[in-house]
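Grab a pencil and work through these exercises with the model open beside you. Try each task before you read its solution.

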Amino acid sequence: MNASIQLKNLIIQYWKFKQNEDNSSIIFNEQQPIIIISNDEKEYIRGNILQGELNCITTKNYKILKQLNQCIKKILYFDFEKQWKDIYAKTIIDFLDSNDPNKVYTAILLFYQLSKIYQYE
C-alpha cells in the first residue's frame, strides 16, 4: 500500500517534467528538488501500470487500485495524445472483447479515467 501511495505522489508531482539533454535526474530550484522521471522509466510505467490495475482487480485489492487509477489519470492527462493513444485504445478494446469480467471491469475503469480528462472540453 505504501509503495502505491509513493508511486502516485511521484507521478502526480513529477510526471509533467521532461528529461534534459544531459539526462540529469534531479534539478534543484530555490524551494525543493525536482525529480525527473526519465523517458525509459515513463515507458516502463506506461507498459506495466495497466497489468498492475488488472492484478488489483483480480485480487480484490481496491485500496491499491484507487492509487493506480490516480496514476493513470495523471499519465493520461499528459501523455494520451502523444505517447499512449494507440496502446491505450488497443488495450481497452482487447479487454472489452475478452470474456474475463476482471478485464472488462479494468477497461471500464480506464475509459472512465479518460472521460474525466475530457469532461469539460
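Below are five exercises on this chain, each with a worked solution.

Some ground rules come before the exercises. This is a predicted model, where local features need pLDDT of at least 70, side-chain atom pairs count only at pLDDT 80 or more, and totals for chains, interfaces and linings use all residues. Residues are numbered from 1 along each chain as its sequence is written, and side-chain values use heavy atoms, with hydrogens and water left out.

**Exercise 1. Take stock of the chain and its confidence scores.**

Step 1: list the elements. There are 4 helices and 2 strands, arranged along the sequence as α-β-β-α-α-α. Helices (H or I, at least four residues) and strands (E, at least two) are DSSP runs, numbered from the N terminus.

Step 2: check pLDDT, the predictor's confidence in each residue, from 0 to 100. The chain average is 85, and 89% of the residues score at least 70. Helix 1 has the highest mean among the elements, at 93, while strand 1 (residues 26-28) has the lowest, at 56. Where pLDDT is low, the predicted coordinates should not be read in detail.

**Exercise 2. Work out how helix 1 packs on helix 3.**

Step 1: get the geometry. Helix 1 (residues 2-14) and helix 3 (residues 62-97) pack at about 15°, with axes 9 Å apart. Axes are lines fitted to C-alpha atoms, for helices over the stretch in contact, and angles run from 0 to 180 degrees between N-to-C directions.

Step 2: name the arrangement. Angles under 35 degrees count as roughly parallel, over 145 as roughly antiparallel, 65 to 115 as roughly perpendicular and the rest as oblique. Helix 1 and helix 3 are therefore roughly parallel.

Step 3: find who touches whom, with contact meaning heavy atoms within 4.5 Å. Helix 1 contributes residues including Ile-5, Leu-7 and Ile-12, and helix 3 residues including Ile-64, Leu-68 and Ile-75.

**Exercise 3. Do the same for helix 3 and helix 4.**

Step 1: the axes of helix 3 and helix 4 (residues 101-117) come within 8 Å and cross at roughly 110°. That makes helix 3 roughly perpendicular to helix 4.

Step 2: sort the contact residues by class. Ala, Val, Leu, Ile, Met, Phe, Trp, Tyr, Cys and Pro count as nonpolar, Asp, Glu, Lys and Arg as charged, and the others, Gly among them, as polar. The contact of helix 3 with helix 4 has 17 nonpolar, 3 polar and 3 charged residues.

**Exercise 4. How does helix 2 sit against helix 3?**

Step 1: their axes come within 9 Å and cross at roughly 120°, so helix 2 is oblique to helix 3.

Step 2: the contact of helix 2 with helix 3 divides into 14 nonpolar, 4 polar and 3 charged residues.

**Exercise 5. Is Phe-80 buried or exposed, and what about Lys-60?**

Step 1: fix the cut-offs. Buried means under 20% relative accessible area, exposed over 50%, partly exposed in between (1.4 Å probe, protein chains only).

Step 2: apply them. Phe-80, in helix 3, has a relative accessible area of 9%, so Phe-80 is buried. Lys-60 comes out at 57%, so Lys-60 counts as exposed. Lys-60 lies in the loop between helix 2 (39-58) and helix 3, and its phi is near 60°, a positive value in a residue other than glycine.

Step 3: look around Phe-80. Leaving aside neighbours within four places in sequence, Phe-80 is in contact with Ile-75, Lys-85, Tyr-88, Leu-114 and Tyr-118. Leu-114 is 34 residues from Phe-80 in sequence and 8.7 Å away in space, C-alpha to C-alpha.
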